[in-house]
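Here are a few exercises for getting to know a new structure. Have a go at each one before you read the solution.

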Amino acid sequence: FGRAMYNYHDRYTLSATLRTDGCSRFGSDNRWGIFPSVSAGWNLSNEEFFKPVADLLSVKLRASWGISGNNNISNYRHIATIKSGSYNFGDETVITYYPSGFTDLNLGWEKTRQTNIGVDLGFFLNRLNLIANYYYSITNDLLYQNTVSAITGSTTMWTNLKDGKVYNKGFDIQIDGNIVATKDWRWNLGFNVSINRNKVMGLTDVITQAAQRSQITHITKNGLPIGSFYGLVSEGLITSADYALIQEDAR
């Protein structure tokens, strides 16, 4: 892990980080991931041209970009462990050992690239503050338990979906107000709102999730958010008049 920072008269700030992470859950060729990030800020409030309104308004602009990694799977998914069983060989029952499943030796990190843009506004000597952020991210090399042919000795294996991507974008706004600030007590109010849009692209298969009675309840496919609700579309409610028509038709 390494980090470098630069600050010029509390007006301009720059920061850069570089970290490498290794995880034994992945294959030896993809065990290590490199994750860089950069960020910059501009504090307009400390500029000379901003001093006439500094008591009424403060402004800071922010931007950042970086890559993060995900290794949230169980241990030993890149190797085939051994299971024991039994087999009738002639008149004897013998103990057998066999691989527990089919594995991907190239299993590696899931990576997310994200860009953030933000602004911090302070009014009346920071008695009222507004913080706004916009973000956009793309996740690729998705960690996924893919279906494989049973002829391999298994039905699923953990792998990285090379074509599948998940897009996330949204913004959040936070407003904080110092209504009363005295020696004896303090009264603050806060409000925030967040909106996120999620979309999957590049999948070659449709991923479904079933619940009770094996009925599909969620679906993941191209152009839709992850785990979208899936079910029958209601066309309305049956009324007493509808029942009467059904009984009449039955006669």
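**Exercise 1: Two partners across the chain**

Arg62 has a relative accessible area of 26%, so it is partly exposed. Keep in mind that you're looking at a predicted model.

Task: work out which side chain Arg62 meets in a salt bridge, and what the pair ties together.

Solution, step by step:

- Start with the charges: side chains of opposite charge can pair when their charged atoms come close.
- Next, find the partner. The side chain of Arg62 forms a salt bridge with that of Asp120, at 3.0 Å from N to O. The cut-off for a salt bridge is within 4 Å, so this pair qualifies.
- Now place both ends. Arg62 sits in strand β4 (residues 57–70) and Asp120 in strand β7 (residues 110–123), so the pair ties together parts that are 58 residues apart in sequence.
- Finally, check the cover on the partner. Asp120 has a relative accessible area of 23%, so Asp120 is partly exposed.

**Exercise 2: More salt bridges**

Task: find out how many salt bridges there are, and look at some others.

Solution, step by step:

- The count comes to five salt bridges.
- One of them joins the side chains of Lys162 and Asp141, at 3.7 Å from N to O. This pair links distant parts of the chain: Lys162 is in the loop between β10 (156–161) and β11 (165–181), while Asp141 is in the loop between β8 (128–140) and β9 (142–147), 21 residues apart.
- Lys162 has 54% relative accessibility, so it counts as exposed.
- Another salt bridge brings together the side chains of Lys51 and Glu48, at 3.3 Å from N to O. Both Lys51 and Glu48 are exposed.

**Exercise 3: Around a glycine**

Task: say where Gly22 lies and which residues it touches, leaving out those up to four places away in sequence.

Solution, step by step:

- Gly22 belongs to strand β2 (residues 12–22).
- With 42% relative accessibility, Gly22 counts as partly exposed.
- Leaving out residues up to four places away in sequence, Gly22 touches Arg31, Trp32 and Trp109.
- For a distance check, take Ile34: Gly22 and Ile34 are twelve residues apart in sequence, and their C-alpha atoms are 9.1 Å apart in space.

**Exercise 4: The whole chain**

Task: describe the overall build of the chain.

Solution, step by step:

- Count the elements: there's one helix, along with 15 strands.
- Compare the spread: the chain has a radius of gyration of 29 Å, while a compact globule of 251 residues would have one near 18 Å.
- Look at burial: 22% of the 251 residues count as buried.

Conventions: Residues numbered from 1 in each chain as written. Predicted model: local features only at pLDDT ≥ 70, side-chain atom pairs only at ≥ 80, totals over all residues. Heavy atoms only, no water. Helix = DSSP H or I, 4+ residues; strand = E, 2+ residues; numbered from the N terminus. Rg over C-alpha atoms; globule rule 2.2 N^0.38 Å. Buried < 20%, exposed > 50% of the residue type's maximum accessible area, 1.4 Å probe, protein only. Contact = heavy atoms within 4.5 Å.
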